[in-house]
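Reader: I've got the model open and I'd like to learn how to read its features. Can you walk me through it?

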Number of protein chains: 2
Amino acid sequence: MAKTAKTSRLSGFPEWLPAERLVEQHVIDVFREVAELHGFSGIETRAVEPLEQLLRKGEIDKEVYVLRRLHAEEGADDSGADASRTLGLHFDLTVPLARYVLEHQNDLVFPLRRFQIQKVWRGERPQVGRFREFYQADLDVIGQDSLPGHVEAEVAIVMAEILDRLPLPAFTIHANTRRLSEGFFRSIGLEDHAAVLRNLDKLPKIGPDKVRELLLSDAGASEEQAQACLDFASIRTRDASFAERVRELGGSGEMVEQGIAELTAVLERVEAAVPGVILADLSIARGLDYYTGTVFETFVAGHEALGSVCSGGRYDSLAADNRHTYPGVGLSIGLSRLVSRMLSADLARPARAVPTCVLVSVTDEEHRPASDAVARALRGRGISCEVAPTAAKFGKQIRYADRRGIPFVWFPGADGSDDEVKDIRTGEQVVADSAGWEPPAEDRCVQILAGQAGGEGGRA
Amino acid sequence: MAKTAKTSRLSGFPEWLPAERLVEQHVIDVFREVAELHGFSGIETRAVEPLEQLLRKGEIDKEVYVLRRLHAEEGADDSGADASRTLGLHFDLTVPLARYVLEHQNDLVFPLRRFQIQKVWRGERPQVGRFREFYQADLDVIGQDSLPGHVEAEVAIVMAEILDRLPLPAFTIHANTRRLSEGFFRSIGLEDHAAVLRNLDKLPKIGPDKVRELLLSDAGASEEQAQACLDFASIRTRDASFAERVRELGGSGEMVEQGIAELTAVLERVEAAVPGVILADLSIARGLDYYTGTVFETFVAGHEALGSVCSGGRYDSLAADNRHTYPGVGLSIGLSRLVSRMLSADLARPARAVPTCVLVSVTDEEHRPASDAVARALRGRGISCEVAPTAAKFGKQIRYADRRGIPFVWFPGADGSDDEVKDIRTGEQVVADSAGWEPPAEDRCVQILAGQAGGEGGRA
């Protein structure tokens, strides 16, 4: 296809065709529906934040897109010298949430239950599965000064219900708690627990042998301690039996028992709500300086290389001012990355390419009002339809419906004869009345189906 | 309220509280639902376009936000010298649509029926009602090389149905066609019809006396011709009677009669679909170099100073390459501006501030699983609920529900006794079973109601 200069695909900025967008919209709809069922309020924050806010987490500063007005005045807000007035696009929804909570704390009721589905931007070099613009879908419960521990399971349950309703292969939510890891490392005599966790976090990337070397050189472990840490990190159980194995490896003391109780409670509550998806996985570490309780990562069977599709956990300070501290529990789905995989691996597809259920044909332009009236009657009962753009021969109008993926063509009756409707997939044509005709339930709205690759049922 | 350095409201970047967001979400939902009922496909385009694309419409180049990566390499894509590689945020959804249509023309079926609801950015100086980041909601039908005239009425009908479903005061869609204006000016001897239209376009701002002066000095009109133009522009009729008045003023000839036929057809079709909203208003001019057929502007009664809330029309070339030209008809709602007015003027408000219908109370932490089970049963039947965050005294749990705006509090029965549910608005408390209890229909989901200022019924 000869492209003109006016078109320009940009690497890292995904864009869907209308039929593909139906899948993305479905994922967004499911997220919102389940979140609202659990009493979460949707919010949106502005796309920009002052650059100095975005740079508080030093490690990602290279990824920020900075804005300037094209013809801004000299010395105006894009000089770059004054970071408090320079604006950048947000790269996640957590920094904006922290700012939103502080800014509106007197108008919010805590614990705040909020979900947020918005695009974020990162100026990274694009790679496969890495986008520069993508949807993130976040779910957080934020307390004022305190937040009960049972919220950790609650947020995981909502995410499990969301994933369970999507046409995905089996998924597993891997859970750990920081207290258990820290308590174990301390109880076998390793005081620099942060170093141990930092090294164990590299297991998926560099493997146990290299991690063992790091534990010896970096975390001050003996051969025996290093082995105990690797054994600890290899524990994965669907039930509370992880506890016995931790104790067998030498884990003991108050902190270990507290961690065991916490993780067991999370397993039991998630299992009761959405059976078969939660797994105790003591290798899960995640952002040490941020998370303070249960941490979660989620993997889709057969797509483990995609990495975690839903991650997060408990943090003790999302934000703070001189009056309050705001602890929270939050999980986040990299929605565009997930949708991109669902489309490219044919995990999901729309039953048809357009919302339209019925094309009302037009006998001749003079009779277009009759076709309009049929369409109006059908729409009045919630049936999506459009009227043929031209009064071409019926065969051509049927081919138009076929090309757009519209399943039914309606023929208004001429001179008092009955209307008829044709299912163009089967060829069946029947007499019909626009005041009462119903399409099959599955044709009323566009269903999102599991693709050929099989996305049936989300549970392991 | 003492603000810390971390919070910073930005002028021109609106942000809603959770309850306000429910109103915005409702407007978006209604737009999408009606558009899909008419067989329009939703798409989204990336937020960025190459700067050179954004600058094709010279007149708004000052408003563009340009992006650069914070730590971009020397000579990389943010040098500014190479406009083809510099990216800017889109300032409307029309430039991206033109690019999308050309880029995906082989994968799209024409006429393309698309709606698009996305944020756009303009680096203008913020004023009252002017935002730097705002939602725009567009509806367009795009043909390949040709597009039938009846689409002009069709797009107006969809927009009328959308506005009609919103809690707004009466609204009126003002329509005109360029052919009628041009034909009239020519038939009274004014050849520079573009200049006449350009001057008439200033009527709302500078009034008839100043426009008369301009018609004399700028458009070469005689006193009599200027008066005829002003009389022409003052014609406003709900029905086809505008035609007689145009002829009385001296309008004649093929172009005038064609314009009359076109505008009459639009009036009749819109009136048949959504009675009482369409008005022939021969003062409507709009972007001369762009629109080529019917043009529309929409005003809300009592809020005329807000300007047109929904505008657009027919254009003969959205985009073109060496094989095809893409004509279209499009209308656009400035959604954030409309929602902002709905909120500030109390035209609409949510029946409650949160999606939650029921707060399930917790007797004590040991019995939290019983409360979880009640919530699960209610959610299974689509009733939004949350479980109380702490097992405080029931009075405190009820006050928590009240503060959040949750209408019902559920009390799980202890030791085999029945569950009960209380409507905290009336105080009424009844025995209930989580497997079958139903809230009143109006409490199931959050209704968006007309506010005190009265937004009942959208038709004039």
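Reader: Let's start with a single strand pairing. Which residue is the bridge partner of B:I173 in β9(B)?

Author: In this predicted model, B:I173 is bridged to B:I278 of β9(B). Then look at the strands around that pair: β7 (residues 171-177) and β9 (residues 278-281) of chain B are joined by 3 bridges and run parallel.

Reader: What order do the strands of the open sheet in chain B have?

Author: Read across the sheet from one edge to the other. In chain B that gives 9 strands, β1-β5-β6-β12-β11-β10-β7-β9-β8, with mixed pairing. At the edges stand β1 (41-42) and β8 (236-237) of chain B; each has a single partner strand, so one side of each lacks a neighbour in the sheet.

Reader: Which strands of chain B does helix α4 touch?

Author: Helix α4 (residues 151-165) of chain B packs on the sheet and touches β5 (112-121), β6 (133-142), β7, β10 (291-300), β11 (310-320) and β12 (325-333). Its direction makes about 20° with that of β12(B). Helix α5 (residues 178-187) of chain B packs on the sheet too, touching β7 and β10, at about 50° to the direction of β7(B).

Reader: And chain A? What is the pairing in its open sheet?

Author: Mixed, with 9 strands in the order β1-β5-β6-β12-β11-β10-β7-β9-β8. Take β8(A): 2 bridges join it to strand β9 (residues 278-281) of chain A, and the two run antiparallel. Within that pairing, A:T237 has A:A280 as its bridge partner.

Reader: On to the interface. How much area do chain B and chain A bury between them?

Author: The size of an interface is often given as the accessible area lost when the parts come together. Here chain B and chain A bury about 9100 Å², 54% of it on carbon and sulfur atoms. The contact takes 99 residues from chain B and 100 residues from chain A.

Reader: How many salt bridges are counted between chain B and chain A?

Author: The count is 12. One to click on is A:K119 with B:E44, where the closest N and O atoms are 2.7 Å apart. On the chain B side, helix α1 (residues 18-37) gives the most, with 8 residues. By class, the side of chain B that touches chain A has 42 nonpolar, 21 polar and 36 charged residues.

Reader: How do the β3 strands of chain A and chain B run, parallel or antiparallel?

Author: Antiparallel: 5 bridges join β3 (residues 65-69) of chain A to β3 (residues 65-69) of chain B. To find the place, pick A:R68, whose bridge partner in β3(B) is B:V66.

Conventions
Residues are numbered from 1 along each chain as its sequence is written. Chains are lettered from A and ligands numbered from 1 in the order in which they are written. This is a predicted model: local features need pLDDT of at least 70, side-chain atom pairs count only at pLDDT 80 or more; totals for chains, interfaces and linings use all residues. Side-chain values use heavy atoms; hydrogens and water are left out. Contact means heavy atoms within 4.5 Å. Buried area is the accessible area (1.4 Å probe) that two parts lose on being put together, summed over both. A salt bridge is a side-chain nitrogen of Lys or Arg within 4 Å of a carboxyl oxygen of Asp or Glu. Helices (H or I, at least four residues) and strands (E, at least two) are DSSP runs, numbered from the N terminus. Ala, Val, Leu, Ile, Met, Phe, Trp, Tyr, Cys and Pro count as nonpolar, Asp, Glu, Lys and Arg as charged, and the others, Gly among them, as polar. Two strands pair if DSSP finds at least two bridges between them. Axes are lines fitted to C-alpha atoms, for helices over the stretch in contact, and angles run from 0 to 180 degrees between N-to-C directions.
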